[in-house]
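These are my notebook entries from going through one model, element by element. I wrote down what I looked up and what I found there.

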Amino acid sequence: MKQLIFIDDDQLVIDISKIIIDSLPETADIDKFYFKSGDAFFQSIDDIDLSKENVMFLDLNMPGLDGWQVVDEIRDRNLLEHFEIYVLSSSLHPKDKERANKHPCIEKYIEKPLSKSKVRECLGVNVSV
């Protein structure tokens with residue numbers, strides 16, 4: 001069983017992501033967590049079931065702990081095995097994309113906006129057209 005974790009400081013992005021994620025039949029029975037900062041995520045980490053596969057969509061540019069610091073903290077707490085981390089960012093800086101794609105703790109860099117197909121891809125759902 002999987003869980004989705006979404007960390008982004010932009011409430012509009014969170015609201016749109018909720019609509020997209022909630023519209024997918026594949027996510028109907030999946031627990032979903034939404035946090036407006038890396039700090040809020042770590043304050044609530046005890047609510048995350050680490051026995052489940054946790055798919056995380058993580059923004060890079062946030063106040064407080066940014067996305068890179070969140071990844072470092074997850075690594076430093078020896079929690080990497082519990083998370084599949086996908087960077088979801090609108091950063092146009094090529095170095096952010098390159099760094100994320102080369103980072104051993106990050107599955108993939110995904111450009112905003114989130115879409116149904118991007119969620120399905122991260123969940124490993126094959127959808128025939």
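I began at the end of helix H3, where the residue that follows is Asn78, and I noted that its phi is positive, near 55°. The model is a predicted one, and I kept that in mind for each entry below.

I then went to the other end of H3, where Asp66 acts as the N-terminal cap, with a side-chain oxygen 3.1 Å from the backbone nitrogen of Trp68. Within the helix, which spans residues 67–76, I listed Gly67, Trp68, Val70, Val71 and Ile74 as buried. These residues lie on the same side of H3, because the arc they cover around the axis is only 160°. This fits the general rule that an α-helix has 3.6 residues a turn, so residues three or four places apart point the same way. Looking for what the buried residues of H3 pack against, I found strands E1 (2–7), E3 (53–58), E4 (83–89) and E5 (106–111), together with helices H2 (38–43) and H4 (94–102).

Next I looked up the largest nonpolar core, which has 24 residues, and in which Ile5, Ile7, Phe41, Met56, Ile74 and Phe83 have the most contacts. Two or more residues come from each of E1, strand E2 (31–35), H2, E3, H3, E4 and E5, and H3 gives the most, with four residues. I followed Phe83 further: apart from neighbours within four places in sequence, Phe83 is in contact with Ile5, Phe41, Ile48, Leu50, Asn54, Met56 and Ile74. There is also a second, separate core of 17 residues, and Val13, Ile21, Phe57 and Ile110 are among them.

I turned to Tyr109, which sits in strand E5 and is buried, its relative accessible area being 5%. Its side chain reaches the backbone oxygen of Ser91 at 2.9 Å. Not counting residues up to four places away in sequence, Tyr109 touches Leu60, Val87, Ser89, Ser91, Asp96, Lys97, Ala100 and Asn101. I also checked Tyr109 against Phe57, 52 residues apart along the chain, and the separation of their C-alpha atoms is 9.6 Å.

Last, I asked how many disulfides the model has, and the count comes to zero. Cys105 is in no disulfide, and the sulfur of Cys122 is 17 Å from the closest cysteine sulfur, that of Cys105, which is too far for a bond. Both cysteines are nevertheless buried, Cys105 at 12% relative accessibility and Cys122 with a relative accessible area of 3%.

Methods:
Residues are numbered from 1 along each chain as its sequence is written. This is a predicted model: local features need pLDDT of at least 70, side-chain atom pairs count only at pLDDT 80 or more; totals for chains, interfaces and linings use all residues. Side-chain values use heavy atoms; hydrogens and water are left out. Buried means under 20% relative accessible area, exposed over 50%, partly exposed in between (1.4 Å probe, protein chains only). The arc is that of the directions from the helix axis to the C-beta atoms. Contact means heavy atoms within 4.5 Å. A polar contact is a pair of N or O atoms within 3.5 Å; within protein, one must be able to donate a hydrogen and the other to accept it, and residues adjacent in sequence count only if both atoms are side-chain atoms. A nonpolar core is a set of buried Ala, Val, Leu, Ile, Met, Phe, Trp, Tyr and Cys residues joined through side-chain atoms within 4.5 Å. A disulfide is a pair of cysteine sulfur atoms within 2.5 Å.
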